[in-house]
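Visitor: Could you take me through one part of this structure closely, the place where helices pack and aromatic rings gather? I would like one connected account rather than a list.

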Amino acid sequence: MALSRIVFRLPALLAVAAVAIGAAAGGARARDGIEYWEVQDYGTVLAVRADGFDTYQVTDISCLPVVSDEAYVIVTASATLRVDGSPGHRTLRRLSGLPPLCDTTVQPSVFDVFWQTFHEHYPFFDAKGMDWNAIRDIWRDRANDAQARGDDAALFAALRDTVEPLGDAHVMISAGTTGHFGSGRPGTVVPGPELDAKVKTFVQHRDLRDHPLTDYARGRISYADLPDRPDYGYLRISGFGGYSDTDTFAADSAALDHALADILTTDRRARLRGLILDLRVNGGGSDSLGLRLAGWFTDRPYFAYAKKTRTTAPQPQRITPSPNGFPVPIAILTGGSTVSAGETFTQAMIERPARTVRIGEATQGVFSDVLERKLPGPGHGDWWFGLPNELFLDGGGKTFDGTGIPPQLPEPVFTDEEFARGADSAFDRAVRWLAE
C-alpha cells in the first residue's frame with residue numbers, strides 16, 4: 001500500500017486514529033512518563049504518551065519532529081506496529097529516550113538529510129547501477145549553495161536532478177509552491193485521471209461496442225458482460241483505494257465486497273467461463289485491498305508474496321479465500337501504467353491455483369509503501385519527499401522492482417498506433433485465450 005500510490009493520491013488514506021500499548025510490550029514506562037519506540041528500518045521514533053504520541057523522523061545525522069498521518073499505530077506484546085491497509089507489520093525496538101540528535105537545535109542541510117535518507121533506506125542502488133556516493137559529490141555543493149542563497153528554485157532543481165536518474169515512480173519531491181517532481185520508468189506513462197478517462201471511454205466503445213459499464217466504488221471498479229458472450233466478463237480496476245466517501249480501509253473494504261457481491265451473482269457465477277481483469281491503468285492504493293480482491297478469485301489459500309526491509313526477516317503474506325471464492329479462469333491485462341498496489345495485486349495472483357495468465361506489457365516496477373519524509377530548515381515546512389524502503393519477494397526470493405512483472409503473453413498496450421487503428425491487441429488476445 002502506501003500513504004499514496006503515485007497519481008491517484010488518496011487524501012487522508014492514513015489518518016491518525018489510535019494508539020494502544022500492550023502491557024507486556026516492555027515493562028515500566030520511562031522516567032518521564034513516555035515510552036519511546038524505534039520503528040526499525042523506517043527511520044521513525046515514536047514518543048508514546050497516555051493521550052497520544054509524537055513522531056520523529058531520524059537518520060544518522062538528523063532528527064525532525066513531524067505531525068504523523070499514519071493510522072492505527074498498535075504496540076503489542078510482540079512489539080510490532082501495523083498501519084491500516086498495509087499488510088504485515090513493522091518491528092519496534094524500545095529506546096530509553098529520544099536519540100541525542102533530537103535535543104540539538106543545529107540541523108544539517110536540506111541536501112544532507114535528503115541524501116542520507118536515501119543512503120539508509122533506498123534498496124535499489126545496485127540494481128540500478130548507481131554510485132550514490134558519487135551522486136553526492138556531484139550535487140551537494142550546488143544544493144548547499146542554493147540553500148545558503150535562499151534560492152528555493154535552485155535547491156529544488158538540485159534535489160530533482162539528484163534522483164531523476166533512478167527512474168523510480170515511488171521517488172517524489174514536493175516543494176510547496178516551488179515545484180513537484182515525480183517520474184516513471186523510462187518508456188512508460190504514469191497513470192492519471194485524464195489517461196484513465198480516455199482509456200475507459202476507448203474500452204467501452206471499442207471492446208464493449210458501447211455496451212455500458214456498471215460502476216462501483218466511486219468509479220474505481222467497473223464491470224460488464226462481454227457483448228454477445230455472456231459467458232465472459234470484463235472487470236476493470238483503476239485503483240485500490242478511494243472507494244468510499246470516508247476513504248478508510250474499513251469503508252473501502254466494505255465497498256469492495258459490495259461491488260464483488262453485486263458482480264458475482266449466483267446467476268453470473270453459474271454461467272461465467274472466464275474473466276478479463278483489466279489493470280492497465282491502475283494508480284495503486286492499498287495492498288491489503290489487493291489481497292482481499294485476490295481472495296474473491298480462489299477457493300484455496302495460497303502464498304501471495306513476502307515483505308521485508310533492510311534488516312528484517314521476510315513476512316509471508318497469504319491469500320485467504322472469500323466465503324464466495326470463485327476460481328474462474330482469469331486473463332489479467334497489465335502495462336507500464338499498472339502501478340504499485342496494482343502490481344502487488346498482480347504479484348499476488350502469480351501463484352493463484354486456478355488458471356491465470358498475464359497479457360500485455362510489464363508493469364511499472366514499484367511495489368513498496370512510500371516512506372514520506374520532511375525536510376529541515378525555515379521556509380520548508382511544506383516540503384516533503386518520498387522513497388521506497390521495502391522489498392516484495394516472490395516465492396523464489398526475487399523482486400520485480402525496476403523491471404516490473406512481465407506478461408506471459410506480450411501485446412502492445414494503448415500505444416499511439418493502437419489508438420490510431422482503433423485496436424486493442426491485449427484485450428483481443430485475452431478473449432482468444434479464454435476461448436481456447
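Guide: Contact here means heavy atoms within 4.5 Å. The model is a predicted one, and every value below is computed from it.

In that sense of contact, helix 1 meets helix 3 through Val110, Phe111, Phe114 and Phe118 on the side of helix 1, and through Leu155, Leu159, Thr162 and Val163 on the side of helix 3. Sorted by class, the residues of this contact comprise 7 nonpolar and 1 polar, with no charged residue among them. Helix 1 covers residues 110-121 and helix 3 covers residues 152-163, and the two pack with their axes 11 Å apart at an angle of about 20 degrees. Because angles under 35 degrees count as roughly parallel, helix 1 is described as roughly parallel to helix 3. The crossing of helix 1 and helix 3 is right-handed.

Helix 1 also takes part in aromatic pairing. Over the whole structure, a search finds 16 aromatic pairs. One of these joins Trp115 and Trp132, whose ring centres lie 6.1 Å apart with 5 degrees between the planes, a stacked arrangement. This pair links distant parts of the chain, since Trp115 belongs to helix 1 and Trp132 to helix 2 (residues 132-149), 17 residues apart. Both Trp115 and Trp132 are buried.

Trp132 has a further partner in Phe118: the ring centres of Phe118 and Trp132 are 5.6 Å apart and their planes stand at 45 degrees, so this pair is tilted. Here too distant parts of the chain are linked, with Phe118 in helix 1 and Trp132 in helix 2, 14 residues apart. Phe118, like Trp132, is buried. Phe118 thus appears both in the contact of helix 1 with helix 3 and in the tilted pair with Trp132. The wider setting of these rings is one aromatic cluster, formed by Phe114, Trp115, Phe118, Tyr122, Phe124, Phe125, Trp132 and Phe385.

Another tryptophan of helix 2, Trp139, adds to the picture. Its relative accessible area is 19%, and because buried means under 20%, Trp139 counts as buried. Leaving aside neighbours within four places in sequence, Trp139 is in contact with Phe111, Ala158, Asp161 and Thr162. Phe111 and Thr162 are also among the residues through which helix 1 and helix 3 meet. The C-alpha atoms of Trp139 and Trp115 are separated by 9.9 Å, while the two residues lie 24 residues apart along the chain.

For a point of reference outside this part, Thr320 sits in the loop between strand 16 (315-319) and strand 17 (330-334). Thr320 has a relative accessible area of 61% and is therefore exposed. Its C-alpha atom is 52 Å from that of Asp141, and 179 residues separate the two along the chain.

A second helix packing can be set beside the one described above. The axes of helix 7 (residues 287-295) and helix 8 (residues 341-348) come within 9 Å and cross at roughly 35 degrees, and this crossing is right-handed. Asp287, Gly290, Leu291, Leu293 and Ala294 of helix 7 make the contact with Ala341, Thr344, Phe345 and Ala348 of helix 8. By class, this contact has 6 nonpolar, 2 polar and 1 charged residues.

Note on methods
Residues numbered from 1 in each chain as written. Predicted model: local features only at pLDDT ≥ 70, side-chain atom pairs only at ≥ 80, totals over all residues. Heavy atoms only, no water. Axes fitted to C-alpha atoms, helices over the stretch in contact; angles between N-to-C directions. Helix = DSSP H or I, 4+ residues; strand = E, 2+ residues; numbered from the N terminus. Parallel < 35°, antiparallel > 145°, perpendicular 65-115°, else oblique. Left-handed = near helix turned anticlockwise from the far one by under 90°. Nonpolar A, V, L, I, M, F, W, Y, C, P; charged D, E, K, R; others polar. Phe/Tyr/Trp six-rings, centres within 6.5 Å; stacked < 30°, edge-to-face > 60°. Buried < 20%, exposed > 50% of the residue type's maximum accessible area, 1.4 Å probe, protein only.
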